[in-house]
Structures are given as structure tokens and as C-alpha cells.
Amino acid sequence: GINVMGDNHCLIAFNKSLCYKEQDVVSNQANNDYGSLFFRYNGNDYTFTIKDELISISGTEDKREQRNIFKLPCSELQNDHVQIKYDKANGTYYISTIASDTRVNQKVLQQSTGSPFWSILPNNSEIFMIGRFSVKFKK
């Protein structure tokens, strides 16, 4: 129980039987690691570990708080500026963009309008967005 001692103080009984042991904890999420994204901006290095089969690259204007969104510290990028997906069936990564000026390894990607247009994303690729931001992809 809780014993109120006065002056904003209380005493709470601690039940040691409620302590968990590492072997008692079972995660319901697989420990997926599908690759990483690397970004350097103003002398700072940012690393994003891909833990989901579909991730997005957005800017600071994106107000969603999800683990599959890599938010770059810039306001110029749109929400879901770039999306990357992993196809488990064939072990291939794909990339899609809503912008007209996104490049992968210096090759311009086709802009998605409506539904995503997916292009193969090779390992060790450089994703270049709006002529200013470069993100490296490694699986």
C-alpha cells in the first residue's frame, strides 16, 4: 500500500516478486533489420535503421511520430518525399518518390502521381533529393 507521510511525501511498499527477469520478457515484434540510411547535415551524422518493410523519408514538417519515418532536419522535403520498401519474397528493395527531382545514383527517378511507381534500389545507393540532400542506403 501507500502510506502518506505528509508534506508531499509518501511511502510505497515494494513487491520484489513483480520484478521481471530478462528471460520472462517475450517480444511480439520480430527484431528486423532491413538496412540503414545515412545522412550528413551541417556537420552532424544521422543514421536510421530500417526496421519495417516500408519506410518514408520526410522533413521536419511531417508531424507523424512513427518508427518507419526518417525525418531529415530540413523543412523543404514533403511528407513521404521518398518511400523505400523491401520485398521479402525476392529480397529486393524498391524506391518511390513524389518529387520530380529525386535521383538514385545520379539517375532521375520517375515521379509517382496517384499510386507509387516503384524502381529497384540497389545496395550502396545514394538518394539525392531536391538538389541538396543526399542519403546513403545500405542493406
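**View 1. D62 and its surroundings in the loop between β5 and β6****.** At 1% relative accessibility, D62 counts as buried, where buried means under 20% relative accessible area, exposed means over 50%, and partly exposed lies in between (1.4 Å probe, protein chains only). The model is a predicted one, in which local features need pLDDT of at least 70 and side-chain atom pairs count only at pLDDT 80 or more, while totals for chains, interfaces and linings use all residues. Residues are numbered from 1 along each chain as its sequence is written, and side-chain values use heavy atoms, with hydrogens and water left out. The side chain of D62 is joined to that of S58 by a polar contact of 2.9 Å and to that of R64 by a polar contact of 2.6 Å; a polar contact is a pair of N or O atoms within 3.5 Å, of which, within protein, one must be able to donate a hydrogen and the other to accept it, and residues adjacent in sequence count only if both atoms are side-chain atoms. When its neighbours within four places in sequence are left aside, D62 is in contact with I69, K71, N79 and D80, contact meaning heavy atoms within 4.5 Å.

**View 2. The salt-bridge network of D62, R64 and D80****.** These three residues are linked through salt bridges, each defined as a side-chain nitrogen of Lys or Arg within 4 Å of a carboxyl oxygen of Asp or Glu. Between R64 and D80 the closest N and O atoms are 2.9 Å apart, and this pair links distant parts of the chain, with R64 in the loop between β5 and β6 (69–71) and D80 in the loop between β6 and β7, 16 residues apart. R64 is partly exposed at 30% relative accessibility, and D80 is likewise partly exposed, with a relative accessible area of 22%.

**View 3. Salt bridges of K71 with E65** **and of R132 with E76****.** The structure holds 8 salt bridges, including these two. In the pair of K71 and E65 the closest N and O atoms lie 3.3 Å apart; K71 is partly exposed, with a relative accessible area of 27%, whereas E65 counts as exposed at 72% relative accessibility. In the pair of R132 and E76 the corresponding distance is 2.8 Å. R132 lies in the loop between β12 and β13 and E76 in the loop between β6 and β7, so this salt bridge ties together parts that are 56 residues apart in sequence. Both ends are partly exposed, R132 with a relative accessible area of 48% and E76 with one of 38%.

**View 4. The open sheet of 5 strands****.** Its strand order is β6-β5-β7-β8-β11, with mixed pairing; strands are DSSP runs of E with at least two residues and helices are runs of H or I with at least four, numbered from the N terminus, and two strands pair if DSSP finds at least two bridges between them. β6 and β11 (119–120) stand at the edges, each with a single partner strand, so one side of each is left without a neighbour in the sheet. Three bridges' worth of pairing is not left abstract here: β5 and β6 pair in the parallel sense over 3 bridges, and the bridge partner of S58 in β6 is K71.

**View 5. The open sheet of 6 strands****.** The strands follow the order β4-β3-β13-β12-β9-β10, with antiparallel pairing. The edges are taken by β4 (44–50) and β10 (107–108), each of which has a single partner strand, so one side of each is left without a neighbour in the sheet. Strand β12 (residues 125–129) is joined to strand β13 (residues 133–138) by 5 bridges, the two running antiparallel, and I127 stands opposite V135 in β13.

**View 6. The largest nonpolar core and M129****.** This core has 24 residues, of which L37, I57, L72, I84, I127, M129 and V135 touch the most other members; a nonpolar core is a set of buried Ala, Val, Leu, Ile, Met, Phe, Trp, Tyr and Cys residues joined through side-chain atoms within 4.5 Å. The elements giving two or more residues to the core are β3 (35–41), β4, β5 (54–58), β7 (82–87), β8 (92–97), β12 and β13. Apart from its neighbours within four places in sequence, M129 is in contact with I57, L72, L77, H81, V82, D101, T102 and V135.
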